[in-house]
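Morning, everyone. I'll put the structure up on the screen and then talk you through it.

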Amino acid sequence: MIRYVSSRLAMAAVMVVLATLVIFLISNTVPGDPVLTQLGDLAASNPATVAEFRHKWGLDLPLWDRYWIFLSGLAHGDFGVSIVSRRPVLEDIADYAPATVELASVAFLLSLVVGLPLGVMAAVKRDSWIDHVARALSLVGVSAPTFWLAFVMLAVFYGALDVAPGPGRLDPVSFPPARITGLLLIDTALQGDWDTFHDALAHLVLPSIVLAGATLGLITRTTRAAMLEALSQDYVRVAKAKGLRARIVVMGHALPNAMLPVVTLGGLAYANLLAGAVMTETVFSWPGLGRYTFQSAVSVDFPAIMAITAIVAAIFVLVNFLVDLSYALLDPRVVKK
Amino acid sequence: MPATVDAPADAPLLQVRDLRTWFLTDAGPVRAVDGVSFDLHRGETLGIVGESGSGKSVCAKSIMRLLDEPARIVEGTILFRGRDLAHLDEEGIRAVRGREIAMVFQDPMTSLNPVLRIARQLVEAMTAHGRFTVAAARTRAIDLLRRMGVSAPERAVQSYPHQFSGGMRQRVMLAMGFSNEPSLLIADEPTTALDVTIQAQILDLLRELNADYGTAVILISHDLGVIANVCARVLVMYAGEVVEEGAPEDLLTDPRHPYTWALLHAAPRLDAETEDRRLVTIEGQPPDPRAWPEGCRFRARCPFAVGKCAEHPALLPVGPGRATRCWVTQDGGPLHPPGRVSAQAAPATTAHPAPLLQVEDVQKHFALPSDGLFAPHRLLRAVDGVSLQVMRGETVGLVGESGCGKSTLARLVTRLYEPTGGRIVFDGHDITHASQADIRPLRRRMQMIFQDPYASLNPRMSVGEILAGPLKLHGIVAGDAAARTRVRELLDLVGLPARNAERFPHEFSGGQRQRISIARALAVGPDFVVADEPISALDVNIQAQIINLMVDLQERLGLTYLFIAHDLAVVRHICDRIVVLYLGKVMEVARAADLFARPLHPYTRTLISAAPVPDPRVERTRRRVPMKGEPPSAISPPSGCRFRTRCPVAEAHCAAEEPPLMAMAGGQMVACHFPGRI
Amino acid sequence: MSGIAQRIVVPVVASPSRRWLRRYGLAAAGAAIIVAWLLLAIFAPWAAPYDPNFVDVAGRLKPPSSVHWLGTDALGRDVASRIIYGARISLLVGFTVVLIGGLFGTLLGGAAAYMRGWAEEALMRLTDLVFCFPPIILAMAIAAALGIGTGNTMIAMLVVWWPKFSRLARSLVITQRSLEYVEAAQTIGFGPAHILLRQILPNAVGPLIVLVTLDLGNAILVFAGLSFLGLGVVPPTAEWGAMVAEGRELVQQWWVATFPGIAILSVVMGFNFVGDGLRDWLDPHARNR
């Protein structure tokens, strides 16, 4: 087991370093030029200004030197300074990340809580009405464009019906809680500020439903397919032949086996939620990482883009590692092999 | 749980009456079981035999009500201790399953839940019926495993299924089956997936358990030998109904239904000398279960059919304890033994002294994926120093249990694999490390027939394309027209109508596919053919047809065969010489007759003794040499003689020194320190 | 025998046409949706009632009516015409990205699986590496760096699109490779290229086609998303994602953003229906039910 974990960990570390190289190469060999976007046409026509700018941000150094500086910076926890905000990128990210983590986590929980039971029931009662509901729901979930769904939800529940709060994490009149974790639900609960807690929760409802849509669809689909597969296995027939109750056959025998593909998908889906919240965040004016990434991208803010992609890649690798680990716990055959 | 209404003590335990289980598919009902009736008494052992599709498994699942959609019991009763299982509600049948009737399935590798510990799977079988507390069930689980012959049961219950071999898992399944002391155990092909020595162990165990606990057993098998070995009464099923019933002594020596007769004569016998290598076969295929023919369902294939057979016969008695569904034998007459067509007694194949194939100390080691990034690679020594020769025109058999390296050896000889060491010479060409380009010209002379008729033909290619491919690649024919002509000739050669060239593999049965596979191998006109278990996936009658075809082709085309099999009777039947492999090494080499008359290696001896013979009288008198334990792993084989860990005559010397392959009298060769001791 | 068959009440078997409808009805509906969109895209100049870029400030933000079936946007352009023209870009990008990315990934994965050894290891590590980046983020970075435009966005998508195909192709080839018909082809003397391309790939193509179909919807979604963010098409090009973005502040004039979204939804669902139908059709277990 220890050997398995350590080899996986080593692999993960290598992947992260390689990932930073990829993103560095992409962002440094393509024609996009921060000089133009930052200095404006007028200043950019002055060679002295341009040279000074390039020197200041290290853009005049050879490619490998710049990568080395970037990498050794990473090793010291120094992600560089954003060209746009002129602040250390890490500080920017620390400001924006909690909003995304909160939103993604709530959305992920939502899709698990709904998707898992729905998928299991759909498989057990195949071709029944619940199966049809599950399939229709997952189909709409994976087919509807997130940004459009966000618009429709806002238009209906905020604009027309006015039963949900508008964009943002809090009402403009609410006072944000003192920052502890940056997660509003936790910070307000810790400080006993229940009014703000409710406000934050209410603001989470629409964006998390929108963000959960695709993930919910995927989890329902995968769970259903994996359960159908497991239920057709010989050991399920053996379990029935023992005289076990139907509930135990399903929950005790089929489900543990069906969880394996669901865990893989779930891990990836969570990482994708963290990274892919940009459209939901845009529509709901959510001050999260997605917005920050987008702004960095359109202003060609290299240090910020590289830091974010490095962090996102690290999250992916970490999640993959955790998935491998839970695989080893769920399936005794993994470590042995 | 409804109280058990016990019928009088002499009443049958199980009474199946006119059972019909149909698959209600969209395309109409498939009448898998169509009017089956039988009785089973307390403690009785009943065998059900039949080929695939005869309805024997569906029959067993119907009793347990373990039918999957769209199968349904559409008619009939299954009276079991006063209750009709066919009409019991879900809770009622649940109380019967595992408690009063237990079932063991065919494939032990998939029957246990891979993510749950053995203990949990055994314990829940007992606690589900409220007869044991969890603690009591745990203790009992260990006792049961010990009783089933699982070594170190205390540790075994803590293990997961993947840590066990197939044989061990089937013991676990038996422990599970007996855990609630059921009055009936249904075993559905329990040994089909196992090696012959393990099969013998499991069948012994089954007999003992039946005697010790008085549990009635229904044993389902396609193998008459297995049935004869265990059962006191036999049902033969064909096309969804019982066609013959009786004691194995009668039924297997004097069959009264032509189908039983055909089954019996189609299988080569381990205990019989044969002059002719051709077997008795019946024509055609079993009928379509969507529309059984009017009259006797066997009529179209029956060599004895008379006019009356147009009327569907009932299962009528033909003697004490015997019944058959046949008009021909109604008057009590036995079916005559098959007339052998041995007019042209196979010309004693004149083996040229020059070997066509020479294998010298060949090895193949596979590197296994390592445990982790830093762990060393482990080696699987699949073939570990094998030498053998195949003479022109002879048939050499390669036998051994799974994992002995016989399939790897086949792929080394045909250079699908490259040997790790040693030398392979084919007709004077050293092909040990020849590149694929160098070996291509030799491929015209050296071909292979594969085991799985469903995987060995490319499903996306028509039969014509499959056969024309080799012709074009090697430039054997010029032009498409010539290729089409040759394809027709090839199909004709293997006994298939020429119009089949346009059809795709999925339109054919297993036996027909194997014929196509043979035609493909013969397309390039080889003189040497490696056959890797070519008949092991087929039903008995189809096996016989393929054997006959291969024997015919050998005579007509002068082929040399390397024939790989695990079935000793088959090997004995068609081979001139036999090589016995164990764990990647040769144990014994001998002429077929000599090997069975006086096996010198203890492994050969136990292997022969483990193979069942479909005749209870012979079974009773045969000398049995039980094989101990399980085969060791080819990753870390035992020191010295590889067989010593399971050998009944091994001594300390055997662990210290590996016996060389020594030549004995009559050209027999054996690798044993004590040849012929057993 | 027939007497018994009559006595036993067999549940009524659905008629063949109803069976077909139950099994492939959705797939047929999906195919119809896609064909309809393809026709609209191809014949957009004839199908669209107005010039998609014709600005009519006086007639801006008109609700759906008999004149403008789906209303007009903030510049008075006809929403229906813009949606019809938008289909051109969405379908073009979808097919281009998935077909090129799919072909590249399939060949890479197939070759990797067939070659084995260190080449396979290297190719699959590369696949894993690209897999580490969420497509949207990477595409965003690349699209931003290359500059905005349909072509650049497609390039950005292509960079991240192939890994799932190479993974699937690899696992399919590995499954097929171990089957005996491949060994039979080797014994006959066929070379590796023939075996991979002529023998194995035709057998692996089914699941790949299913993935292509499902993925077409996915690619259209991602492209619309990038356009929505302003990283796709250059204004004033009519494109569905960009149209939603233009209308997203216009809650009262809901038609501006709602109809393009429904267009996306319908195309993606269409591809999903067809993909699911294909999967069932290819899966012998599902087919026999």
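I'll go through confidence, then chain C, then where B and C meet, and finish with chain A.

First, keep in mind that this is a predicted model. For the complex, the predictor gives an ipTM of 0.87 and a pTM of 0.87. For chain C, the mean pLDDT is 85, with 92% of the residues at 70 or more.

OK, so chain C. What is it built from, helices or strands? Helices: there are 13 of them and 0 strands. If you read along the sequence, the pattern is just α repeated, α-α-α-α-α-α-α-α-α-α-α-α-α. And chain C isn't a neat ball: the radius of gyration is 24 Å, well over the 19 Å that the globule rule gives for 289 residues, so chain C is more spread out than a compact globule. You can see that in the dimensions too, with the C-alpha trace spanning about 75 × 65 × 30 Å along its principal axes.

How much of chain C is buried? The figure is 51% of its 289 residues. On contacts, take the ones in chain C with a separation of 6 or more: 68% of those are between residues 24 or more positions apart.

Now, the UniProt record. It's an unreviewed entry, and under "transmembrane region" it lists residues 24-47, 92-115, 135-162, 208-234 and 254-274 of chain C. Let me pick out two of these. Residues 24-47 of chain C come out as 96% helix and 0% strand in the model, with the end C-alpha atoms 29 Å apart. Residues 208-234 of chain C are 78% helix and 0% strand, and there the end C-alpha atoms lie 33 Å apart.

Next, where B and C meet. Here 30 residues of chain B are in contact with 20 residues of chain C. Which elements of chain B give two or more residues to that side? They are β2 (28-40), β4 (71-80), α13 (436-443), β18 (446-449) and α14 (463-473) of chain B. The largest share, 3 residues, comes from α14(B). For those of you who think in side chains, the side of chain B that touches chain C has 13 nonpolar, 9 polar and 8 charged residues.

Last, chain A, quickly. The domain assignment splits out domain 1 (2-75) and domain 2 (91-298) of chain A. The C-alpha centres of those two domains of chain A lie 34 Å apart.

That's my lot, thanks for listening.

Note on methods
Residues numbered from 1 in each chain as written. Chains lettered and ligands numbered in written order. Predicted model: local features only at pLDDT ≥ 70, side-chain atom pairs only at ≥ 80, totals over all residues. Contact = placed C-beta atoms within 7 Å. Helix = DSSP H or I, 4+ residues; strand = E, 2+ residues; numbered from the N terminus. Nonpolar A, V, L, I, M, F, W, Y, C, P; charged D, E, K, R; others polar. Domains from an automatic or database assignment. pLDDT = per-residue confidence, 0-100. UniProt positions renumbered as here; feature names shortened; annotations may be inferred. Rg over C-alpha atoms; globule rule 2.2 N^0.38 Å. Buried ≥ 20, exposed ≤ 12 C-beta atoms within 10 Å, placed from the backbone.
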